Amino acid sequence: MNYTIKQNPIILGIESSCDETAAAVIRGRKLLSSAIISSATEQAKYGGVVPEIASRAHTAAVDEAVKTALKDAGVTLKQIDAVAVTYGAGLLGALLVGLSFAKSLAYTLGVPLIAVNHIRGHLAAAYLSDEDLKPPYITLLASGGHTAILHTKTYTEFEVLGSTLDDAAGEAFDKVARILNLPYPGGPNVQRLAEKGEANIPFPQSLVKNSQSLQFSYSGLKTAVINYCHTAEQKGEKISSENVAASFQCAAIDPLVKKTVECALKVGAKTVTAGGGVAANDYLRLTLKAECDKRKIKLVLPEKKYCTDNAAMIAAEGLIQYEAGNFAPMDINACAQIPLK
Ligand code: KG4
Ligand code: ZN
């Protein structure tokens with residue numbers, strides 16, 4: 001179907017890839033509303049996300065999330081110009097709830113359906129913080145599934161300059177949280193504990209040693225934290241969980257910050273952005289800001305609530321796809337895995 005591309009379209013975004021059922025409305029780059037209904041409290045009982053529980057929670061919440069987003073935005077369904085929805089990556093059953101809902105809505109309203117790659121949504125969150133943000137720029141992407149430094153060259157194209165060889169940074173935070181007996185979700189709890197500690201344990205940094213390339217690795221760091229805690233336990237020694245958390249946090253984040261700024265200087269980018277759940281980490285935000293300020297690089301950070309999963313970022317990426325006329329067919333399927341590039 002051919003659609004007229006409007007200026008400043010009103011886009012409804014829907015996200016259901018993991019444990020947040022989210023809906024948001026934007027007009028052009030202006031965010032009008034963002035609603036999130038999370039099943040995290042229920043998931044916490046199981047120490048992580050149980051896919052079946054996530055799917056059921058999305059089914060129960062998607063209608064309410066969309067209604068809330070429309071109401072908060074002061075927008076009616078008839079005013080929606082496009083529906084943007086996450087089609088992957090994520091939990092298949094969870095994705096299907098949002099995707100089916102979005103398809104029905106777009107079809108009924110006769111507006112385009114835009115299929116959004118969740119990770120591109122994380123990257124687009126920065127556009128919500130700065131209406132003037134334009135490529136090229138360098139992005140530090142750090143979520144539960146990805147850790148990479150990207151060179152965004154145009155609104156739709158980026159080059160991966162470096163990435164992790166094994167675990168993602170968020171995954172490492174979650175694993176360390178489990179070692180320290182902190183509840184799910186791990187990342188924010190590790191951060192809170194780290195704030196009370198001192199980074200005085202020499203854990204290996206998350207950068208692959210002797211590597212000129214920009215490769216990260218979190219498995220060695222994670223094993224070092226496990227070994228440190230187990231050895232102390234076997235010897236009957238008391239450890240400071242606060243110092244473990246603080247030392248881990250520095251080892252996990254310092255190399256990401258350092259290499260992101262180095263990449264910006266190398267490619268001559270004047271702007272750096274960040275995205276993904278780990279970009280909500282206060283230590284990362286403060287150190288990245290300090291390093292960018294030192295080098296006179298502009299830093300555009302999404303608000304913390306738009307770093308972790310939300311639908312505002314899906315609507316923001318939806319706008320980029322809308323302007324590119326990139327609409328999805330109605331038979332598009334959900335996709336559990338999509339390569340970063
Ligand atoms: O981007 P996200 O919400 O979901 C994915 O697409 O993966 O990222 C979730 C990850 C989790 O691993 C979580 O522990 C981590 O982001 N995270 C944090 C913080 N907030 C969320 N990690 C460190 N510090 C935080 N404050
Ligand atoms: Zn995410």
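**Two sheets, packed helices and a zinc site**

Biologist: This is a predicted model, so let's start with the sheet of 5 strands: what is the order of its strands?

Modeller: The sheet is an open one, and its pairing is mixed. Going across its 5 strands, the order is β3-β2-β1-β4-β5.

Biologist: Which strands stand at the edges there, and how much does the sheet twist on average from one strand to the next?

Modeller: β3 (30-38) and β5 (113-117) each have a single partner strand, so one side of each has no neighbour in the sheet. That puts β3 and β5 at the edges. From one strand to the next, the average twist is 20°.

Biologist: Let's look at β1 and β2. How many bridges join them, and which residue of β2 does Ile10 stand opposite?

Modeller: Strand β1 covers residues 10-15 and strand β2 covers residues 20-27, and the two run antiparallel. The number of bridges joining them is 6. Opposite Ile10 in β2 you'll find Arg27.

Biologist: Which strands does helix α2 touch, and what angle does its direction make with that of β2?

Modeller: Helix α2, residues 51-73, packs on this sheet. The strands touched by α2 are β1, β2 and β3. Its direction and that of β2 make an angle of about 25°.

Biologist: And helix α3: which strands does it lie across, and at what angle does it run to β4?

Modeller: Helix α3 is residues 92-109, and it lies across β1, β4 (82-88) and β5. Relative to β4, α3 runs at about 155°.

Biologist: How do α2 and α3 cross, right-handed or left-handed, and how many charged residues are in their contact?

Modeller: Their axes come within 8 Å and cross at roughly 30°, and the crossing is right-handed. On the α2 side the contact includes Ser55, His58 and Asp63, while the α3 side includes Gly93, Val97 and Phe101. By class, the contact has 6 nonpolar and 4 polar residues, and the charged count is 1.

Biologist: Now the zinc ion (ligand 2). Which residues are its protein donors, and how far away do they lie?

Modeller: Along the chain, the donors follow the spacing H-x3-H-x186-D. His118 and His122 sit 4 residues apart in helix α4 (residues 118-129), so about one helical turn separates them. The protein donors are His118 (NE2), His122 (NE2) and Asp309 (OD), and they lie at 2.0 Å.

Biologist: There's also a sheet of 6 strands. What is its order, and which strands are at its edges?

Modeller: This one is open too, with mixed pairing, in the order β9-β8-β7-β6-β10-β11. Each edge strand has a single partner, so one side of each is left without a neighbour in the sheet. Those edge strands are β9 (214-216) and β11 (298-300).

Biologist: How do β10 and β11 run, parallel or antiparallel, and what is the bridge partner of Thr271?

Modeller: Strand β10 is residues 271-275, and 3 bridges join it to β11. The two strands run parallel. In β11, the partner of Thr271 is Lys298.

Biologist: Last pair: are α7 and α8 roughly parallel or antiparallel, and what class are the residues in their contact?

Modeller: Helix α7 (residues 219-234) packs with helix α8 (residues 241-267) at about 165°, with the axes 11 Å apart. That angle is over 145, so the two helices count as roughly antiparallel. Leu221 and Tyr228 of α7 are among the contact residues, as are Phe248 and Ala251 of α8. With no polar and no charged residues, the contact has 8 that are nonpolar.

How values were computed:
Residues are numbered from 1 along each chain as its sequence is written. Chains are lettered from A and ligands numbered from 1 in the order in which they are written. This is a predicted model: local features need pLDDT of at least 70, side-chain atom pairs count only at pLDDT 80 or more; totals for chains, interfaces and linings use all residues. Side-chain values use heavy atoms; hydrogens and water are left out. Axes are lines fitted to C-alpha atoms, for helices over the stretch in contact, and angles run from 0 to 180 degrees between N-to-C directions. Angles under 35 degrees count as roughly parallel, over 145 as roughly antiparallel, 65 to 115 as roughly perpendicular and the rest as oblique. Contact means heavy atoms within 4.5 Å. Ala, Val, Leu, Ile, Met, Phe, Trp, Tyr, Cys and Pro count as nonpolar, Asp, Glu, Lys and Arg as charged, and the others, Gly among them, as polar. Two strands pair if DSSP finds at least two bridges between them. Donors are N, O and S atoms within 2.8 Å of the metal (3.2 Å for Na, K and Ca); water is not among the atoms, so sites may look incomplete. A crossing is left-handed if the near helix is turned anticlockwise from the far one by less than a right angle, and right-handed if clockwise.
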